[in-house]
Amino acid sequence: MFEKWITNRTAAPFYARKGFYIEKEVAAAVVKVCGLGQFVLHLNGAKVGDHELDPAWTDYNKLAQYVTFDVTDAIRVGENIIGAEVGNGWYIKVDEHYTFGFPDFMPPNPNPYQPFAKALVLALELKVTYADGSTEVWQADESFRVKEHPTVMSNVYGSETIDNRLCVPGWDAADFDDSGWERAVCADAEDIPKGVLQEQFQPAAKVIKSYEGRLIHTVNGRDIYDFGQNMSGLLDFEVKGKRGDAIKIYPAEKLDGDGDVDQYAKNWILVDSCITAIVGEDDVWEHCRMKFTYFAGRYAAVERDGVSEIRSLRSDAVTCAWKTDGSFTCDDKRYEQIYDLVEKAVEANMVCVHTDCPTIERFAWQEPNHLMASAIFYMKDGRLLWEKFLQDMRCGQHMADDWFNDMNGGRYYPGDGLIPAQCPCYIPNVLPVPGLGDFYDIIPWGSTSILGVYWHYLFYGDVKIIEENFESGLRYLAHLKTKVNEDGVINHCLGDWGNPRNDLAKDNIETAFLYADVTTLAGFAAVLGKTDVKAELDAYAEEIKANYNEKLLMENPELGGWCYRCRDHRDEIYITQATQALPLFWGLVPEDKEEDIVKAFRYTLDRDGSFLCGEVGLPYVIQTARKYGMNELICRYILKEEHPSYYAFVLDGETTLGEYWEKNPRSHCHDMMGHIIEWYYNGIAGIIPEKPGFSEVTIRPYLPKTMHEFTCTYQSASGEIRVSVCETDREILVDVKCADGISCTVDTGNLGTEKKIIVKEDRA
């Protein structure tokens with residue numbers, strides 16, 4: 001698409017600018033731009049648009065995105081200036097300060113990060129359409145001028161060094177003299193992205209709220225600021241001092257016992273991110289703002305050289321999940337506090353890709369893109385974001401001849417159809433970790449290529465998502481079949497990852513996902529009218545189901561009924577919440593055994609007194625409890641004041657959801673266990689889709705004992721749905737409002753029979 005890519009032949013950030021003259025009245029002007037790794041576009045003295053950190057992260061060897069801006073209102077008759085700032089991102093990763101490394105207990109990785117180029121690059125096309133119908137086009141070429149950027153170092157993990165001695169005020173204005181700048185050069189072929197160029201279609205990162213830094217105390221010679229919210233953010237501040245003085249800002253999610261920032265990730269590594277500002281002029285207030293990366297945390301420690309000062313310190317929270325589709329309010333504020341924890345964690349982890357955490361890894365681990373999909377889709381508009389995430393998975397899917405280095409210098413072939421657990425994957429750790437398992441080929445992670453499609457189709461009702469991903473899903477299933485052992489089960493991955501008791505139950509969990517993948521693909525085949533494929537998948541599903549029940553279903557004398565035993569406990573009948581919930585959720589349980597398995601499932605909940613499961617099992621445990629009338633248990637467990645519990649995070653003072661059920665978790669900002677939000681919508685408000693796109697819904701509200709009123713709204717693909725319930729001394733008032741075109745059935749069975757129930761239904 002772009003005729004040329006330009007560069008200043010450096011791996012450090014740079015400016016680029018060019019003047020152009022407009023002689024006639026402009027009817028429309030559009031610019032398409034790609035600066036890798038990240039860019040900021042300017043026109044006539046101002047930043048264009050409200051995006052941050054364009055373009056989104058991709059595997060640049062497979063796909064690179066450009067961004068289109070309508071700049072009609074910014075073009076003027078006469079002299080104009082267009083320019084860009086280009087920084088590193090993942091295109092050429094910088095390792096100064098913290099950069100991710102695998103911990104010492106894991107073997108050395110023979111496949112470290114490889115930069116995509118030797119120099120950062122920029123491509124740009126400006127098309128102006130005049131009022132008389134004629135057009136004119138400008139491309140980035142050797143006529144552009146380039147110069148080193150004052151952000152002399154930008155690290156994708158959140159560190160930047162801003163040298164104000166190199167600051168160029170007015171560089172993007174028409175009256176600026178750039179005669180001292182160098183001419184741009186055409187980029188070498190090896191520096192141009194190898195992937196297909198695609199217009200960025202998913203929401204860009206934007207600022208959703210600014211948080212002022214509050215100075216809370218000084219400790220160890222450092223001023224400690226609190227923004228009041230854990231977030232992914234861009235620091236914005238002013239500095240003053242003597243030329244060359246440095247002010248260093250160290251962000252963190254928590255404070256240590258002395259009140260200093262604590263950058264140590266529990267049992268893992270020191271995340272020594274640092275934003276440095278070097279004073280450019282003596283005794284002048286200078287503005288600084290992060291450009292090409294984001295920091296993560298709530299607190300900041302400021303170290304100052306000499307007489308240097310800092311003021312107006314704030315953080316602009318950024319996310320790609322800025323469009324909200326749902327809301328929930330109630331009179332028991334504990335529920336709202338939990339909701340806010342999860343929502344803020346989702347926002348902080350949704351920057352360019354869906355990260356596992358903003359602080360430590362920043363990898364696009366794929367499992368929450370189906371495990372958390374329904375919870376997020378109720379809260380946020382995830383339609384285009386998930387289309388991008390699923391596209392990343394298709395780009396990452398392996399061919400048979402793809403290979404990596406093994407530990408002995410040979411070649412390791414992951415296998416045709418495999419989808420990496422991270423997409424895009426910048427640091428492939430492809431070899432299984434002794435004693436832990438495979439972190440590259442994980443079934444609940446790769447299964448997002450199928451189950452993520454399922455949730456997208458259920459919520460948005462667009463067949464296109466199935467059409468785009470069906471063949472990829474079949475290829476992934478073919479890969480999964482190679483992992484089935486002689487017993488007809490799968491046992492090579494992570495099982496119920498994150499389980500507090502380490503009850504991973506790999507045979508049970510991985511094989512249940514195999515069945516879920518097959519039955520879901522069979523459903524897709526029916527939607528697409530592929531009857532022969534559906535018949536083949538249905539037959540395979542029955543084979544899996546029969547073997548699953550033969551190997552795992554057994555009578556439990558203690559319970560007086562049937563249960564699913566964990567095969568990794570060979571000498572005892574051992575059952576967990578997840579091992580009962582997954583077969584119930586996905587329909588693996590024989591009809592005549594369903595009552596017994598529900599009983600066994602209830603037994604595990606009562607026995608454990610909380611949700612004792614990992615991130616993989618948790619959504620199925622919560623939703624199975626909802627389906628089988630255990631809402632009261634859900635309420636009790638999420639409001640417990642000790643871990644494992646959502647409310648315990650609130651009492652710990654957290655403002656985002658932690659990684660695991662514990663105080664001071666490794667990461668204080670993970671959304672992977674935020675599944676409870678789905679229950680707010682389909683359990684409390686009872687908004688349950690009966691057809692894709694919510695064209696037909698059942699409203700089955702439930703009122704927790706400590707809650708006397710709530711209001712829940714959801715902007716579905718078919719229109720708005722609103723459910724309000726209010727309890728008085730004598731009656732329960734239910735107010736349901738659905739947009740025209742939504743077929744709605746109200747079921748008050750979960751509200752009990754002790755009070756009179758009055759239902760009001762409105763049509764928009």
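**Exercise 1.** Work out which residues of β4 lie on each side and whether they are buried or exposed.

*Solution.* Start with the two faces: Q38, V40 and H42 sit on one side, F39, L41 and L43 on the other, and all are buried. Here buried means under 20% relative accessible area, exposed over 50%, and partly exposed in between (1.4 Å probe, protein chains only). Next, recall the background: side chains in a regular strand alternate between the two faces of the sheet. Then take the strand as a whole: β4 covers residues 38-43, and six of its six residues are buried. Strands (E, at least two residues) are DSSP runs, numbered from the N terminus.

A quick word on the model: it's predicted, so local features need pLDDT of at least 70, side-chain atom pairs count only at pLDDT 80 or more, and totals for chains, interfaces and linings use all residues. Residues are numbered from 1 along each chain as its sequence is written, and side-chain values use heavy atoms, with hydrogens and water left out.

**Exercise 2.** Find the strands that pair with β4.

*Solution.* Two strands pair if DSSP finds at least two bridges between them. First, β7 (residues 78-87) runs antiparallel to β4 over six bridges, with H42 opposite G83. Second, β5 (residues 46-47) is also antiparallel to β4, over two bridges, and L43 faces A46 there. Finally, check the turn: β4 and β5 make a hairpin with two residues between them, where N44 has a positive phi of about 50°.

**Exercise 3.** Place β4 in its sheet.

*Solution.* Read off the order of this open, antiparallel, six-stranded sheet: β5-β4-β7-β2-β10-β13. β5 and β13 (182-183) are the edge strands, each pairing on one side only.

Conventions:
Helix = DSSP H or I, 4+ residues; strand = E, 2+ residues; numbered from the N terminus.
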